[in-house]
Amino acid sequence: MMNIRCFQNNFSAASFPLVPVQLPSRMETHLWYVLPNEVKSMSLLSQYSELLSPCEKEDINCIRGDDLRKRALLARALVRTTIARYQINNQVNPSSLKFRKNAHGKPEVEWQDDDNLCPVPLHFNLSHTSSMIACGVTMNVAIGIDIEEKQRQLKNNVLAFSRRYFSPYEVKILTAISDPEIQHQEFIKLWTLKEAYVKALGRGFSGLPFKTFTIRSKPATTGSFNLSEDFVSKASEIIVESSDDPENLTNEWQFALLELAGSHYAAICMEKDKTVGGEANTPMKLTVWKTIPFIEDECVSGTDAVVAIGGLIKQ
Amino acid sequence: MASVTGAASMGMTCLSFKPSKVPIHGVSKLKSVSFSISGKSLPSLRMQPGSSRFRVSCAAKAETVEKVCEIVRKQLALPEDSAVTGESKFASLGADSLDTVEIVMGLEEEFGISVEEESAQSITTVQDAADLIEKLIEKKGA
């Protein structure tokens, strides 16, 4: 994978188009993230606003507070520019993309296609904190992502919160951790995994109460699959079980847990592609870019910026 | 029937009428009705608890809304003077899903209620939260 590093501080966005990228393959996730602190130029921000639809602009104007508004703006700019990079149907203009919500309320692209061809099976999901905005992209399969700052503090007590919202098994695991810092870290990791799952399903927190399923680690099954050297993660799989039916492992979803940019936990939940046959648990292929749209793209997979901490991942 | 009395200081520019979602149990007249008041500038009302003169007997009492605002401000670490009103959308205030869940948990503790996750879906503004709280309190008392 080629590392693309270009600093174009003096050029306007128009003179530096988005670097096109190939669509992710089956069982592959692309993850793009932007750090708001790195975007300071007012002219760049106004260029991003020009990408937005009138509705999006209005929503952002309703937000009070410069930081929150900037965050919302960057989120829309990230989604639009990311999808535009894939040049689907030769469509390269991020401002021409239209979005809608599916039956469950999950945002998706509304492809404008004169020939009435089948809709393009590109899936995306967005997540943000005050210091990072991330967008995950897959082809053919559903995706959900969630990011949280590692240091994010809860106003409530971790165990009280977990008892209220998490499954009994998860509460047991967290309760057994005596070091409060580690307990806090594991809580955040678990939260991101659970959020990523409900977002992948497109149902959100209300559609699938967190108590009704358990996410946990399972040592990876050894099969005919060859664990090659470019495995960065510990070979433990992350699985989800329904509380009602714990014996029946839902084998449809694949998870990855990462530490991003040293500051965030990121969870990715990707639907397994049923057309890729075989019982072996294929690792999730993952490529990660840090970006300032129109200015700089840096492929950070395999660097310190992306540390795999759970799930079967291949960078 | 709902009535609005002593509302001299409220600048109501429009009232929208939402029929209550509470089932009516075979009673011929409406047991409760919820209004949402969407005025551009709704001053925050200071209600004396127990004072009947300025009671607004529609959706949520202003003191409920005020308590919700307080919990939201605390959760999101917003300054005291920041504009948080019934109309405020959680998302626009910068609340992410974890914040929203923490806010709901804070509301449960404050009001002694239990909010089903499915109901939480319909909460997008402070007013929504206050309405739901009052509905749950009423159900509890019934």
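## Exercises on a predicted two-chain model

Chain A has an average pLDDT of 85, and 83% of its residues score at least 70. The model is predicted, with an ipTM of 0.80 and a pTM of 0.79.

**Exercise 1. Find where in chain A the pLDDT stays under 50, then turn to chain B and find its average pLDDT.**

*Solution.*
- Step 1: Start with residues 1-15 of chain A, where the pLDDT stays under 50. The model gives this stretch 20 contacts beyond four places in sequence.
- Step 2: Go on to residues 222-233 of chain A, which also have a pLDDT below 50. Here the model has 16 contacts beyond near neighbours in sequence.
- Step 3: Now take chain B, whose average pLDDT is 69, with 57% of the residues scoring at least 70. Residues 1-57 of chain B have a pLDDT below 50, and this stretch makes 62 contacts beyond near neighbours in sequence.
- Step 4: Keep a caution in mind: where pLDDT is low, the predicted coordinates should not be read in detail.

**Exercise 2. Describe the contact between chain B and chain A: how many residues does each chain give, and which elements of chain B take part?**

*Solution.*
- Step 1: Count the residues: 22 come from chain B and 20 from chain A.
- Step 2: Look at the area. About 2000 Å² is buried between the two chains, and carbon and sulfur atoms give 53% of this. On the chain B side, B:Leu98, B:Met105 and B:Glu117 lose the most area to chain A, together 33% of what that side buries.
- Step 3: Look for polar links. Three salt bridges are found across the interface, and nine residue pairs are in polar contact. B:Asp96 forms a salt bridge with A:Arg152, with 2.9 Å between the closest N and O atoms.
- Step 4: Place the chain B residues on their elements. Helices H1 (62-75), H2 (97-111) and H3 (117-120) of chain B each give two or more residues to the side that touches chain A. The largest share, nine residues, comes from H2(B).
- Step 5: Sort that side of chain B by residue type: eight nonpolar, six polar and eight charged.

**Exercise 3. Classify the aromatic pair of A:Phe99 and A:Phe124, and say which parts of chain A the pair ties together.**

*Solution.*
- Step 1: A search of the whole structure finds 14 aromatic pairs over all chains.
- Step 2: For A:Phe99 and A:Phe124, the ring centres are 5.7 Å apart and the planes are at 80°. An angle over 60 degrees counts as edge-to-face, so this pair is edge-to-face.
- Step 3: A:Phe99 is in strand S2 (residues 98-101) of chain A and A:Phe124 in strand S4 (residues 122-128) of chain A, so the pair ties together parts 25 residues apart in sequence.

Notes: Residues numbered from 1 in each chain as written. Chains lettered and ligands numbered in written order. Predicted model: local features only at pLDDT ≥ 70, side-chain atom pairs only at ≥ 80, totals over all residues. Heavy atoms only, no water. Contact = heavy atoms within 4.5 Å. Buried area = accessible area lost by both parts, 1.4 Å probe. Salt bridge = Lys/Arg side-chain N within 4 Å of Asp/Glu carboxyl O. Polar contact = N/O pair within 3.5 Å; in protein donor to acceptor, adjacent residues only side chain to side chain. Helix = DSSP H or I, 4+ residues; strand = E, 2+ residues; numbered from the N terminus. Nonpolar A, V, L, I, M, F, W, Y, C, P; charged D, E, K, R; others polar. pLDDT = per-residue confidence, 0-100. Phe/Tyr/Trp six-rings, centres within 6.5 Å; stacked < 30°, edge-to-face > 60°.
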